[in-house]
Amino acid sequence: MSTAQSHADQERTDARDERRITLENDGVRQILEKVNRELVGLAPVKARIGQIAALLMVERARHELGLTTEPPTLHMCFTGNPGTGKTTMALRMAEILHEVGYVRSGHVISVTRDDLVGQYIGHTAPKTKEVIKRAMGGVLFIDEAYYLYRPENERDYGQEAIEILLQAMENDRDDLVVILAGYKDRMDRFFQSNPGLHSRIAHHIAFPDYSADELRTVADLLLEEQGYHFTDDARKAFADYLQRRMQQPHFSNARSVRNALDRFRLRQALRLTQQGGSLGVEDLTSIDAQEVLASSVFGENTDSGTGPSGQPSPQGSTTDPAS
Amino acid sequence: MHITQGQFSFLPPLTDEQIKAQVIWALDHGWAISVEYTDDPHPRNTYWEMYGHPMFDLRDPAGVMKEISECRRTFPNRYIRVMAFDSSKGWETPRMSFIVNRPEHEPGFHLERQEMQGRAIRYTVRPYVTERPEGKRY
């Protein structure tokens, strides 16, 4: 800080500006690297986040050198299909904003319609204001924001919540960053009926769906986190599984992958307990092909019945449709 | 007459910066902060009117400061205090309470001496302003 000041006092050259920026880069770069590691794919999103982080760092450097700064509007809207990493990105965004000093505490208050909209007249305003006060100094993340507005009911209190939110987004810009999230088409419709909200959000970021390759990487990462790994056969089977699963309705990207992995672990545990005997580390950490193939997406050609344990497959398939 | 009550009563009125620092202290301890106001300055007047709900689960003083400034705007000529309530077991009581706003003109108190049998005297303190009804005092 003090060195920056003295630099500023001596002379204001671009070279010195630049040096400040690179110096202060570290924390943010670490978070961006973490984002890169944790979130597979999502290239356009990462590019945008990188831009925003860069802008904030430059703003801070400008501020430290005494140049005029206009605090940027940082309200954001994340649109994308389920399981594309919107919530995770919101958490990381809060960390980045905290790191560059744009928000003071870097916490995320995650809310949905229930937390903002009241049940009777006069209930909504205090409720929304309370949430806003709680989120101050951090990020207010509103998941499935389009539920706030219900056009079919003109007496719906959601409109009131939106108005209070708008006011806070405008007046308390220094204390509050609002991130809305939801599915693309519904958010578009939501913004059509609330143009004021659309124009107050500077960053509209679309989260693309994951490709099959990216989902495989996601699966490997998740397994690694949990201390498991696929056997070679299982990896092949899982690629096949993904192909089929992606065609099915209600496929929600990384979330579906995570749920699938949880089921694989269940089946593995059952197989191991039934198998009995002594188990090594390899046994305990590997997910075998039969766990994958027991899934109901394989339908008629389920061949896990041929394994040593006949039990897992019927049980596995009964749990599947529920999820 | 400059009425004092609660914490920091021996100090000159706190600036907003100082109030904020106190609020941060309270939030760091996990206490819920509330804003209250009154126009009855009697020292035994314990229960003041609540301005909004007590604020639970706050992480940042901005929300409290906003509430204080709103209360000041609504009641510029009342006493306003900030309280911090500690809900942890064994305490369950306000841990902080200090005045953040006061009327411009404070007339003070009337001291009444009631003569009793013999030469005994009973004293009563009565704020001048309470002669007028609530809401019309300052």
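The following legends describe close-up views of a predicted model.

Local features need pLDDT of at least 70 and side-chain atom pairs count only at pLDDT 80 or more, whereas totals for chains, interfaces and linings use all residues. Residues are numbered from 1 along each chain as its sequence is written, and chains are lettered from A in the order in which they are written.

**View 1. The open sheet of chain A.** Five strands (E, DSSP runs of at least two residues, numbered from the N terminus) form an open sheet in chain A with the order E2-E3-E4-E1-E5 and parallel pairing, where two strands pair if DSSP finds at least two bridges between them. Strand E2 (108–111) and strand E5 (203–207) of chain A stand at the edges with a single partner strand each, so one side of each is left without a neighbour in the sheet.

**View 2. Strands E1 and E4 of chain A.** Strand E1 (residues 76–80) and strand E4 (residues 176–182) of chain A run parallel and are joined by four bridges; A:Phe78 has A:Ala181 of E4(A) as its bridge partner.

**View 3. Helix H7 of chain A.** Ten of the twelve residues of H7(A) are buried (20 or more other C-beta atoms within 10 Å of the residue's own, C-beta atoms being placed from the backbone), so this helix (H or I, a DSSP run of at least four residues) is largely enclosed by the rest of the structure. Among the buried residues are A:Thr124, A:Val131 and A:Ala135. H7(A) is followed by A:Gly137, whose phi is positive, near 85 degrees.
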